[in-house]
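Colleague: Could you take a close look at the pockets here for me, lining by lining? Add whatever packing detail helps place them.

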Amino acid sequence: MFSISRSDFGPDFTFGAATAAYQIEGGQTDGRGPSIWDSFSATPGNVQNGDTGRDACDHYNRWPADLDLIRDGGFDAYRFSFAWPRLIPEGTGAINQAGLDFYDRLIDGMLARGIKPYATLYHWDLPSALQDKGGWMNRDIAGWFGDYASLIGQKFGDRLHATATINEPWCVAFLSHFLGIHAPGYRDIRAAARAMHHVLFAHGTAIDALRAEGVKNLGIVLNLEKSEPATQSPEDVAATDIGDALFNRWYLDGVLKGKYPDALTGNDFFARHLPAGYEKDMEVVSRPLDWLGINYYTRGLYKSAPEQLGFPIAQAKGDLETTEMGWEIYPQGLSDLLVRVSNDYTKIPLYVTENGMAEVEGDSDPRRVDYYEAHLKAVLNAREQGADVRGYFAWSLLDNYEWAEGYNKRFGLVHVDYATQQRTPKASFRAFQGLLHNTK
Ligand code: FCB
């Protein structure tokens, strides 16, 4: 049980649970085209245990029971993502009617249960046919993504409560094109620099496309970390500034100020790989938004590493308690980030669109209950400091396919037995249920 009550958040605060298409849907035989995660996960060595999203949680067939769980938990909203290759198998061109029908059923199922649909257009499952043309490295992706956004607007726009373009552009660009950890698995500075710009240019282009279709309440979801120096030495503080620019400011400054941070545009190792004339796109990159989503998991602790070519920084190991991902548990970082965004960037409504922890398998998860309680208190604390936080989404409704970690890392409020697809609510689910059904 949580020691906070729903009324602490006021009557209009939105509580939700979040998932993403590739991580839960399965259902790959309805005409859906291949995505970069299908081939990345099929390539030996990329994903723990060789796990793939082929079956995942079979949400494609089990969605009614999953929506029942969201309703029974007392959640107001469900944050889900559309699979681009399910709707447009080749990324551009022909539309898959079975894909349209699936999301029709899913969205109508939410509305029938009184659950508000919070949609994300892109949560990492790029159609492979577009990767063949360079994917996020190709400037044309803005047009491809804009057309896909128009389709979503036409078919579903009037039923969506809120719509985000991209989930976690840092992961789309840097993690996937410089660190090589996510699909398409590049480790290339030019690929990364181009993806870092094109992902935000595509975001702004999609905002225009959605607005042209009359879709309301548009945003983007950024993953932010609390960047901190390992020591107060000037070298570690300088390393932290680069880390913060790479992780946070590239996206915050780009989207909300229309300018990338000097720490990167003035860094020759990086800047000479940016697409020529990117400055002309910044007006599109920074289109006005109706809300901003922030995904928060942990802090980034930096130390100087002059021996590193390129960015002379390294991650230091902190001494806080960690989750099963090895991520430090640091609720204060969430308060600090929400207040920073509110003070330094924008007064549009903020949503915590993901927060949660991986824990060992089982339906007794007291550490996760504590994690959620501490982070919910951090949200209250940020609100007391003036941040206009309007909602909070737990990651995740279900144990699911945790990308390069496969099925071993479990983030769910609800346990999934992958052999039988049996769902079992955990103590953390019961804790939310208690909080959300107690409206006093
Ligand atoms: C975020 C992703 C989400 C999930 C969590 C643990 O970066 O958006 O899909 O993997 O991390």
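**Pockets and their surroundings**

Modeller: Let me start with the second largest pocket: strands β3 (116-122) and β9 (389-395) each put at least two residues into its lining. Bear in mind throughout that this is a predicted model. The space in this second largest pocket comes to about 190 Å³. Its lining is made of 17 residues, and Asp 12, Phe 13, Thr 14, Tyr 351 and Arg 390 are the ones closest to the centre. Sort that lining by class and you get eight nonpolar, four polar and five charged residues.

Now for the largest pocket, with a volume of about 1400 Å³. A set of 50 residues lines the largest pocket, and nearest its centre sit Trp 170, Leu 175, Phe 247, Gln 315 and Trp 327. If you want to know which elements build the wall, those giving two or more residues to the lining are α8, β5 (218-229), α10 (234-257), β6 (291-304) and β7 (313-315). The largest share comes from β6, which brings eight residues to this lining. Split by class, the lining of the largest pocket holds 26 nonpolar, 14 polar and 10 charged residues.

Two of those wall elements, α8 and α10, also have helix partners, so to speak, and I'd look at each pairing in turn. As a reminder, two packed helices are described by the angle between their axes and the distance between the axes.

Take α8 (residues 169-177) to begin with: its axis and that of α9 (residues 189-212) come within 8 Å and cross at roughly 165°. An angle over 145° counts as roughly antiparallel, and α8 and α9 are therefore roughly antiparallel to each other. Their crossing is right-handed. On the α8 side, the contact uses Pro 169, Val 172, Ala 173, Phe 174 and His 177, while α9 offers Ala 191, Ala 192, Ala 195, Met 196, Val 199 and Leu 200. That contact between α8 and α9 is made of 10 nonpolar residues and one polar residue, with no charged ones.

Over at α10, the partner is α14 (residues 331-344); these helices pack at an angle of about 35° with their axes 12 Å apart. The crossing of α10 and α14 is right-handed. Asp 244, Asn 248, Arg 249, Leu 252 and Lys 257 of α10 make the contact with Arg 340, Val 341 and Asp 344 of α14. Class by class, the α10 and α14 contact comes out at two nonpolar, one polar and five charged residues.

While we're on empty space, the enclosed kind deserves a look as well. There are three cavities of 30 Å³ or more in the structure, and the largest cavity holds about 50 Å³ of space. Ala 21, Tyr 22, Glu 25, Gly 26, Gln 28, Arg 32, Gly 53, Ala 83, Arg 86 and Asp 125 form the lining of that largest cavity. This lining divides into three nonpolar, three polar and four charged residues.

One further helix pair, as an extra: α3 (residues 59-73) and α16 (residues 427-437) pack at about 50° with axes 8 Å apart, and α3 and α16 are therefore oblique to each other. Here Leu 69, Asp 72 and Gly 73 of α3 meet Phe 429, Phe 432, Gln 433, Leu 436 and His 437 of α16. The α3 and α16 contact has four nonpolar, three polar and one charged residues.

How values were computed
Residues are numbered from 1 along each chain as its sequence is written. This is a predicted model: local features need pLDDT of at least 70, side-chain atom pairs count only at pLDDT 80 or more; totals for chains, interfaces and linings use all residues. Side-chain values use heavy atoms; hydrogens and water are left out. Axes are lines fitted to C-alpha atoms, for helices over the stretch in contact, and angles run from 0 to 180 degrees between N-to-C directions. Helices (H or I, at least four residues) and strands (E, at least two) are DSSP runs, numbered from the N terminus. Angles under 35 degrees count as roughly parallel, over 145 as roughly antiparallel, 65 to 115 as roughly perpendicular and the rest as oblique. A crossing is left-handed if the near helix is turned anticlockwise from the far one by less than a right angle, and right-handed if clockwise. Contact means heavy atoms within 4.5 Å. Ala, Val, Leu, Ile, Met, Phe, Trp, Tyr, Cys and Pro count as nonpolar, Asp, Glu, Lys and Arg as charged, and the others, Gly among them, as polar. On a 1 Å grid over the protein atoms alone, a cavity is a set of points where a 1.4 Å probe fits but cannot get out, and a pocket is an open set with protein on both sides within 12 Å along at least five of seven lines; lining residues have an atom within 4 Å of a point. Grid points are joined across faces, edges and corners, and a volume is the space filled by probe spheres set on the points.
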